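Let's take a walk through the middle of this fold, starting with a strand and ending with the spaces and rings around it. Have the model open as you read.

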Amino acid sequence: MSTSTLADIRKKVENGDRLSLDDGILLYQDETPLQEVGELANIVRERINGNVAYYNINTHLNPTNVCVYRCNFCAFRADLRSERGYVMSDEQIVQRGAEAVANGCTEMHIVGGLHHKMKYHWYVDLVRILKEAHPTLHLKAWTGVEINWFEHLTKKPVREILQDLQDAGLGSMPGGGAEIFHPEVRDQICEHKADTGKWFEIHGTAHEMGIKTNATMLYGHIENAFHRVDHLIRLREQQDKSGGFQTFIPLAFHPENTELDHLKKPSAVMDLRTMAVSRLMLDNFPHIKAYWIMLGIGTAQTALDYGADDLDGTVRHELIYHDAGATTPEELTVEQLKNLIREAGREPVERDTVYNEVIRDPENPAQWRIGDALTVSL
Ligand code: V47
């Protein structure tokens, strides 16, 4: 067990020194007061991002829920012949883009199932038709798991696949599919899909090509504090090497309608502690996101004092969490998001996907232009 004390960790944080695996595990102990962990995380949060809290105007697109994999934490997936299964048509997809643009969205977040029958070109062309029809929308599309599936479908190297997607209009990649990297857990919750080495290879290659990506961690199921801190350290090491991660998003497990529905949802204390430990361990990540859809609005708002500097966005058409029992609304308005941030004593700033300021026309808020890059000091 750790030889450091909380006072040692405080000193490290104040000096800007890197925390160890043992430090992270100590911060996760029930005996370590949450309030103090939050206070330390807030030092780092304010050092990197000042008093600002970011949000964006975005929408989700899940073009299919049919998936060859059977991750036991997932309530969204459907079997090929299931009545719940769907595949959106090109017309429906382009129509979603039109709706997003009319609502002033700057980003479309695109992830889905790995359909048994859809070919590689369906996934690439979907990006292309959206970008051609709606060039102002930033397409944050396909996780490392999907890219690995495309490798399987095409036998092409990762770099060529990412090049095809970039040529089609891909802007960046979301952070999903990370789950828990440690094989003791990964082998039990999603044994067949992209393994940890693959996930990192894909994100590292994306970074080399200038494609920014995010990273996530699914917590609150069968993992323990060691697995969580190990996950964060693996991400920190990759960021040292390739540098292209923008935001880390801890994802609280929602058990409803999953094979793990005997488990309890993580508590708000666990959510806030995980947010704070993430901010403290990931000293080379510019942003930590409190994804309000899965945390609930109250906890997400509170998380702005526990290391988080971003709330994600307005989020329309979210399915992955709502299928798993999330009771949050399906969308927040910009005014609601800004008020949540102001009420927490922070200054709301609208960002685009790659953290440039977004400037809206006050007469017609659906019209916007990109302002300055939002700088962070790392
Ligand atoms: O990888 C699936 C998680 C992820 C459940 O990059 C579940 O900005 C909890 O990655 N309970 C996909 N979690 C979502 C994702 C994401 C979300 C928001 C923003 C960004 C970003 C990325 O959702 C999956 C998995 O870890 N997930 N089922 C569930 N029942």
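Two strands count as paired here if DSSP finds at least two bridges between them. With that in hand, look at strand 7 (residues 245-252) in this predicted model: strand 7 and strand 8 (residues 287-288) pair in the parallel sense over 2 bridges. Across that pairing, Phe248 faces Ile288 of strand 8.

On strand 7's pairing with strand 6 (residues 213-219), the sense is again parallel, this time over 6 bridges. Here Tyr219 has Ala252 of strand 7 as its bridge partner. Between these strands comes helix 10 (residues 225-242), and strand 6, helix 10 and strand 7 together form a right-handed β-α-β unit. How many residues of strand 7 are buried? It's 8 of 8, so to speak a full house.

**Cavities**

The count comes to 2 cavities of 30 Å³ or more. Here is how they look next to each other:

| Cavity | Volume | Lining by class |
|---|---|---|
| Largest | about 770 Å³ | 20 nonpolar, 12 polar, 8 charged residues |
| Second largest | about 30 Å³ | 1 nonpolar, 4 polar, 4 charged residues |

Lining the largest cavity are 40 residues, with Val111, Gly176, Gly177, Glu179 and Ile320 nearest its centre. Strand 6 and strand 7 turn up again, since each supplies at least two residues of that lining, as do helix 6 (144-154) and helix 14 (320-323). The second largest cavity has a lining that includes Asn214, Gln246 and Thr247, along with Lys140 and Arg351.

**Rings**

There are 13 aromatic pairs in the model. In one of them, the ring centres of Tyr123 and Phe150 sit 4.8 Å apart with planes at 50°, so this pair is tilted. Tyr123 belongs to helix 5 (residues 120-133) and Phe150 to helix 6, so the pair ties together parts 27 residues apart in sequence. Are these two rings' residues buried or exposed? Both Tyr123 and Phe150 are buried.

Why is the pair of Phe248 and Phe285 edge-to-face? Because their planes stand at 90°, with the centres 6.4 Å apart. Phe248 is in strand 7 while Phe285 is in the loop between helix 11 (268-281) and strand 8, so the pair ties together parts that are 37 residues apart in sequence. Phe248 is buried, at a relative accessible area of 0%, and Phe285 is buried with a value of 0% too.

Phe248 and Phe285 also belong to a cluster linked by ring pairs, along with Phe181, Trp199, Phe200 and Phe245.

How values were computed:
Residues numbered from 1 in each chain as written. Predicted model: local features only at pLDDT ≥ 70, side-chain atom pairs only at ≥ 80, totals over all residues. Heavy atoms only, no water. Buried < 20%, exposed > 50% of the residue type's maximum accessible area, 1.4 Å probe, protein only. Helix = DSSP H or I, 4+ residues; strand = E, 2+ residues; numbered from the N terminus. Right-handed = clockwise from strand over helix to strand, strands pointing away. 1 Å grid on protein atoms, 1.4 Å probe; cavity = no way out; pocket = protein on both sides within 12 Å on 5 of 7 lines; lining within 4 Å. Points joined across faces, edges and corners; volume = space filled by probe spheres on them. Nonpolar A, V, L, I, M, F, W, Y, C, P; charged D, E, K, R; others polar. Phe/Tyr/Trp six-rings, centres within 6.5 Å; stacked < 30°, edge-to-face > 60°.
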